[in-house]
Amino acid sequence: MLLAASALSSLAGGAAWAAEDGANDLLLKKMEKMEQRIQTLEAELRQKQAAKPDESVKPPRSATQKDAKNANAAAPSDTPDIRSNSAAKTLSSSTPPANLPILGLAPSPVSGLSIGAYGEIKFGAMQNPAANGQWQNGFDAARFVLLPTYAITDNIIFNAEIEFEHAGSGFDADDKLHGTAEIEQIWIDFKMLDQFNWRAPGIDLVPIGYINQHHEPTQFYSVNRPELYNGLIPSTWKAGASSVYGTIADGLSYQVQVSSSLEDFGGDFGLRTEANTVPPFPTGYAPGISGLDALGFAAPVRGGFSQLNNTLAYAGKLDFAPAFIPGFAGSVSGYYSPNVTPRGAYADTGDLLGHNSVGIFDAEFRYRVPTTGLELRGEYVRVNFGSPENLRANNDTDPTNNVGKSMFGYSGEIAYHVPLGTILNSEWEAVPFYRYTYENLQTGGFAGTDANLPTGAGQRKFHTAGLAVFPSPKVVLKATYQRVIDKSVVGALSDSFLGGVGFFF
Amino acid sequence: MTKWIRYTLPAAAIASIASPAYSMQYLSISEAQKQAFPSATHFTEVQAGRVWKAESGGRVAGFFIFDRVVGKHLLIDYAVALTPGGAVQSVEILQYRESYGGEIRSPSWLAQFVGKTSGSSLKINSDIRNIAGATLSSTHVTEGVKRVLLAYGNRLR
């Protein structure tokens with residue numbers, strides 16, 4: 001902080017400091033060279049240590065979770081009176097070398113850079129509602145995400161997530177790829193004070209609920225993400241955003257974010273015009289917000305300056321883990337966009353659609369009852385629309401997808417952690433669980449030019465139950481059965497019985 | 001162009017004066033030593049850069065061990081202060097670099113380690129509470145403290 005102040009003062013009085021600047025420059029250059037030399041030496045040392053973990057010379061290069069197995073062997077054992085070197089040697093063949101920042105396998109080529117990964121594999125049988133509920137077998141390499149993290153300095157941290165969905169994307173007909181390669185997150189944190197830190201503009205997750213920001217497969221027990229996060233809260237909801245965050249008191253932290261807004265346009269990307277509007281009347285276009293998919297197709301655009309309106313949205317979250325209820329954690333969060341209507345929006349009658357604001361409220365908790373295996377989770381989320389008559393879904397001549405003044409959902413989950421003991425050199429844990437979710441995306445009071453004939457498909461109950469087995473906190477094997485019941489005449493026809501493999505390291 | 005400096009310079013000056021009192025992102029080793037053993041008169045390095053003996057008036061007040069573990073991907077600098085008998089007196093986080101998982105710095109979470117010995121089980125979700133959203137950091141710090149206790153708890157006198 002002192003350096004920043006003096007840097008500013010030297011800017012303001014530039015001329016008077018010119019002479020001293022020359023000498024300062026030389027000193028700075030020398031220090032930079034020394035810094036580089038130290039970093040090179042550190043990197044070399046780490047490489048040497050990675051190759052020979054038993055003969056570590058330097059101090060605090062301590063290990064990752066794998067060293068739990070080395071618990072009986074000492075950490076850096078370079079003093080003669082610690083006689084555990086032999087113990088370390090016998091364990092080393094079964095324990096991989098520690099502190100390898102690249103996918104846990106290799107030392108970092110750049111000091112301070114690490115690359116982690118997480119991913120989800122899904123397979124099983126699902127009812128296909130588009131095929132009249134026929135049970136179909138299938139497989140999905142749902143996602144694979146690389147997480148580069150780099151400590152630019154101790155206070156400036158770079159983070160990104162590079163995501164490949166559904167086995168990636170490609171154009172050759174024989175590859176049969178229809179997935180996505182995208183930047184899910186990319187931001188630089190300036191860590192200043194406990195109470196105040198700044199996340200520079202980048203792509204960041206919108207702070208609503210728990211799972212949106214903690215969505216690795218080891219954070220939830222079902223094969224698919226919790227239902228409320230597949231529409232009411234868009235799946236992996238991310239946006240061009242900047243935020244400030246910090247810890248207010250022990251167990252209480254906050255984040256306030258400004259982001260580019262949700263948009264009520266759900267059509268193919270190529271359909272938006274060069275003028276950054278919806279395709280002109282009378283072509284028509286798909287809604288981003290509907291009574292069937294909630295906000296699932298309303299995610300803001302993150303590239304090419306192709307957003308369809310100028311709106312900035314605001315979100316805030318309070319996370320609490322009060323010390324007087326050990327094992328309890330929860331959050332309340334909110335989001336507000338003054339306008340989600342895209343440029344040129346129109347009803348199928350040709351009338352232009354005006355402004356429409358969106359407000360979201362979420363409250364959730366997770367409670368792990370101390371000294372037992374019992375875990376409870378609960379959540380409530382509500383979406384309110386300022387002017388639902390201006391939603392495309394209420395004006396697209398489709399009477400089945402209409403949306404009322406609000407949408408909401410809630411869920412309750414109970415799980416039990418059962419230790420399975422040591423298998424294959426790690427501690428395994430099984431977690432059976434059951435979750436009940438209710439969503440109503442078509443509350444009454446539809447407005448707009450459409451006829452109002454919702455089928456009831458937007459009012460759904462989910463019974464989700466299954467088992468998650470953790471061979472380590474970083475790997476999970478899942479089996480989940482889900483029954484979906486809605487209010488439509490034909491029924492939801494979306495039951496599934498899925499298996500999954502997830503990892504996060 | 002220089003107008004903004006007029007507005008930010010006073011704030012920056014005030015912040016730079018005030019921040020040492022509030023900035024808890026970083027504790028130096030000597031600051032952490034003083035926090036762990038406020039009555040100690042001097043610290044002798046027993047193992048270079050790793051272990052210090054805290055003495056106060058000729059008597060051993062305890063031992064201070066500096067260690068590092070990985071959080072999610074970046075290193076966490078922390079220190080374990082041991083009583084002369086080899087039990088944990090305190091655990092302090094000196095530097096937490098990552099953007100998520102900083103909840104392990106909460107005093108009530110760190111207080112769980114006080115009194116632990118090399119015989120304690122020190123397992124997440126057993127005698128040490130997990131922190132949802134900071135699972136890896138809390139697991140690694142717990143394992144680090146356990147390792148420190150097993151390595152040094154019975155051997156430092």
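**A residue, its core and a helix beside it**

In this predicted model, the residue B:Phe64 touches B:Gln33, B:Ala36, B:Phe37, B:Phe43, B:Trp52, B:Ala54, B:Ala79 and B:Ala81, when residues up to four places away in sequence are left out of the count. B:Phe64 is also among the residues with the most contacts inside the largest nonpolar core, a group it shares with B:Phe63, B:Ile65, B:Ala79, B:Val80 and B:Val145, and this core has 45 residues. Two or more residues of the core come from each of several elements of chain B, namely helix H2 (29–36), strands S2 (51–56), S3 (59–70), S4 (75–82) and S5 (88–96), and helix H4 (135–152), while chain A contributes through its strand S9 (328–337). A second core, separate from this one, has 42 residues, including A:Val206, A:Val381, A:Ala393 and A:Ala468.

We can now turn to helix H2 of chain B. In H2(B), the residues B:Ala32, B:Gln33 and B:Ala36 are buried. They lie on the same side of H2(B) because they cover an arc of only 105 degrees around the axis. The buried residues of H2(B) pack against strands S1 (42–47), S2, S3, S4 and S5 of chain B, whereas the face turned away from the buried side carries the exposed residues B:Ser30 and B:Glu31.

A word on confidence is needed for chain A, whose mean pLDDT is 85, with 85% of its residues reaching 70 or more. Over residues 53–98 of chain A, however, pLDDT stays under 50, although the model has 79 contacts beyond four places in sequence for them. Where pLDDT is low, the predicted coordinates should not be read in detail.

Methods: Residues are numbered from 1 along each chain as its sequence is written. Chains are lettered from A and ligands numbered from 1 in the order in which they are written. This is a predicted model: local features need pLDDT of at least 70, side-chain atom pairs count only at pLDDT 80 or more; totals for chains, interfaces and linings use all residues. A nonpolar core is a set of buried Ala, Val, Leu, Ile, Met, Phe, Trp, Tyr and Cys residues joined through C-beta atoms within 7 Å. A residue is buried if 20 or more other C-beta atoms lie within 10 Å of its own, exposed if 12 or fewer, and partly exposed in between; C-beta atoms are placed from the backbone. Helices (H or I, at least four residues) and strands (E, at least two) are DSSP runs, numbered from the N terminus. Two residues are in contact if their C-beta atoms, placed from the backbone, lie within 7 Å. pLDDT is the predictor's confidence in each residue, from 0 to 100. The arc is that of the directions from the helix axis to the C-beta atoms.
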